[in-house]
Amino acid sequence: GLRLDDVTLSTGDPNLPDSTIFHAQSFFIRYNPAELLAGKLAATQIIAVEPMVTLIEDPKTHTWNYERILGNNSPSKHKSNSTANIPVPQIILRDAQVSYMEMRDGKITPVGWYSLEGQLNPSDEPDRYDFQLQSRGRLAMGPSAEGSIRMGSGTSFAKLKNFTFGPDIRAMLMEAPRQWCDDHEIQGSIDVPEMSFTPAATPGGTPTFKMQIALSGVELAVHPREWMSREQNQNVQWF
């Protein structure tokens, strides 16, 4: 196979503070020798050693640095058909780390991070990965996830276990749900038997998601402004 060291993936202007989204100490790539002799390099397995993914969100626009990889143009039907039969390799993650950050007024602020190990395996359907991941936070063993993701559209389905609310989980949430958890002083643990996520169809659009949640010892603060009528809220503001 092949070995690649010090692998970095950037998007956009390399001078921007949020341009680098991926770095790995080493890549080990296994491939089909017969296809290589035919002039094609098709990886059958990729082992990533100490990969680091840096996800940076702009809370004002709710956009992420990785979205620039997709470009501004929606994939055409011809493009999707031409890539449908390209085989995807098995991916093995060893001591991976995902860092969440926010960019406000051009300055990067760390939000949190977690480590994980796992596998992404190609399925019988083209363009679909099945994955099993186990995370580790700063304080304890973190949530585990299994499911599938469509590489072309980004649509994903997953089951999540062992979500215990705390600093580690807060670091994994985007700005909007993280603020919701803070506002409601949420505590306890949850399992998610079903979760689906579909990215926005157009740049600047709104992604959609659906979750079924099983609660265990969860406490939630519901503030009066959420269950009072608009007239009651107006009276409170007036007073």
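This note walks a newcomer through a predicted model, point by point.

1. **The overall picture.** The protein chain contains 6 helices and 12 strands. It has 239 residues, of which 31% count as buried. Looking at contacts between residues at least 6 apart in sequence, 50% of them join residues at least 24 apart.

2. **The start of the chain.** A good place to begin is Gly 1, in the segment before strand 1. Is this residue buried or exposed? Gly 1 is exposed, because its relative accessible area is 86%, and exposed means over 50%. Even so, Gly 1 has partners from further along the chain: residues up to four places away aside, it touches Ile 29 and Tyr 31. Its C-alpha atom is separated by 4.6 Å from that of Arg 30, although the two residues are 29 apart along the chain.

3. **A buried loop residue.** Next, please look at Thr 11, in the loop between strand 1 (2-10) and strand 2 (20-31). Thr 11 counts as buried because its relative accessibility is 7%, and the cut-off for buried is under 20%. Which residues does Thr 11 contact, leaving aside its neighbours within four places in sequence? They are Ser 19, Ile 21, Asn 65, Arg 68 and Ile 69.

4. **The nonpolar core.** In soluble globular proteins, nonpolar side chains tend to be buried together. Here the largest nonpolar core has 26 residues, and those touching the most other members are Phe 27, Leu 93, Val 98, Tyr 100, Leu 116 and Leu 160. Several strands each supply at least two residues of this core: strand 2, strand 3 (43-49), strand 6, strand 7, strand 8 (128-136), strand 10 (156-164) and strand 11 (187-198). Strand 2 gives the largest share, with 5 residues.

5. **One core member up close.** Leu 160 makes a handy example from the core residues just named. With neighbours within four places in sequence set aside, Leu 160 is in contact with Ser 144, Ala 145, Asp 191, Val 192 and Met 195.

6. **Aromatic pairs.** A pair of aromatic rings is described by the distance of the centres and the angle of the planes. The structure holds 5 aromatic pairs. One of them joins Tyr 100 and Tyr 114, which are stacked, at 6.2 Å centre to centre with 25 degrees between the planes. This pair links distant parts of the chain, since Tyr 100 belongs to strand 6 and Tyr 114 to strand 7 (residues 107-122), 14 residues apart. Tyr 100 is buried, with a relative accessible area of 12%, and Tyr 114 also counts as buried, at 11% relative accessibility.

7. **A pair with another geometry.** Why is the pair of Trp 238 and Phe 239 edge-to-face? The ring centres of Trp 238 and Phe 239 are 4.9 Å apart and the planes stand at 75 degrees, so the pair is edge-to-face, the cut-off being over 60. Both Trp 238 and Phe 239 are exposed.

8. **An aromatic cluster.** Ring pairs also join Trp 64, Tyr 66, Tyr 100 and Tyr 114 into a cluster. Do keep Trp 64 and Tyr 100 in mind, as both appear again in the lining of the largest cavity.

9. **The cavity.** How many cavities of 30 Å³ or more are there? The count comes to 1, and the largest cavity has a volume of about 30 Å³. Its lining is made up of Glu 57, Trp 64, Tyr 100, Met 101, Glu 102, Val 111, Leu 173 and Arg 178. Strand 6 (residues 90-104) contributes the largest share of that lining, 3 residues. Sorted by class, the lining has 5 nonpolar and 3 charged residues, and no polar ones.

10. **Two backbone angles to check.** Most residues other than glycine have a negative phi, and most peptide bonds are trans. Glu 50 has a positive phi, near 55 degrees. Glu 50 sits in the loop between strand 3 and strand 4 (52-58) and is partly exposed, with a relative accessible area of 41%. Glu 185 also has a positive phi, of about 50 degrees, although it is not a glycine. Its place is the loop between helix 4 (175-183) and strand 11, and Glu 185 is partly exposed, with a relative accessible area of 48%.

Notes:
Residues are numbered from 1 along each chain as its sequence is written. This is a predicted model: local features need pLDDT of at least 70, side-chain atom pairs count only at pLDDT 80 or more; totals for chains, interfaces and linings use all residues. Side-chain values use heavy atoms; hydrogens and water are left out. On a 1 Å grid over the protein atoms alone, a cavity is a set of points where a 1.4 Å probe fits but cannot get out, and a pocket is an open set with protein on both sides within 12 Å along at least five of seven lines; lining residues have an atom within 4 Å of a point. Grid points are joined across faces, edges and corners, and a volume is the space filled by probe spheres set on the points. Helices (H or I, at least four residues) and strands (E, at least two) are DSSP runs, numbered from the N terminus. Ala, Val, Leu, Ile, Met, Phe, Trp, Tyr, Cys and Pro count as nonpolar, Asp, Glu, Lys and Arg as charged, and the others, Gly among them, as polar. Buried means under 20% relative accessible area, exposed over 50%, partly exposed in between (1.4 Å probe, protein chains only). Contact means heavy atoms within 4.5 Å. Rings of Phe, Tyr and Trp (its six-membered ring) pair if their centres lie within 6.5 Å; planes under 30 degrees apart count as stacked, over 60 as edge-to-face and the rest as tilted. A nonpolar core is a set of buried Ala, Val, Leu, Ile, Met, Phe, Trp, Tyr and Cys residues joined through side-chain atoms within 4.5 Å.
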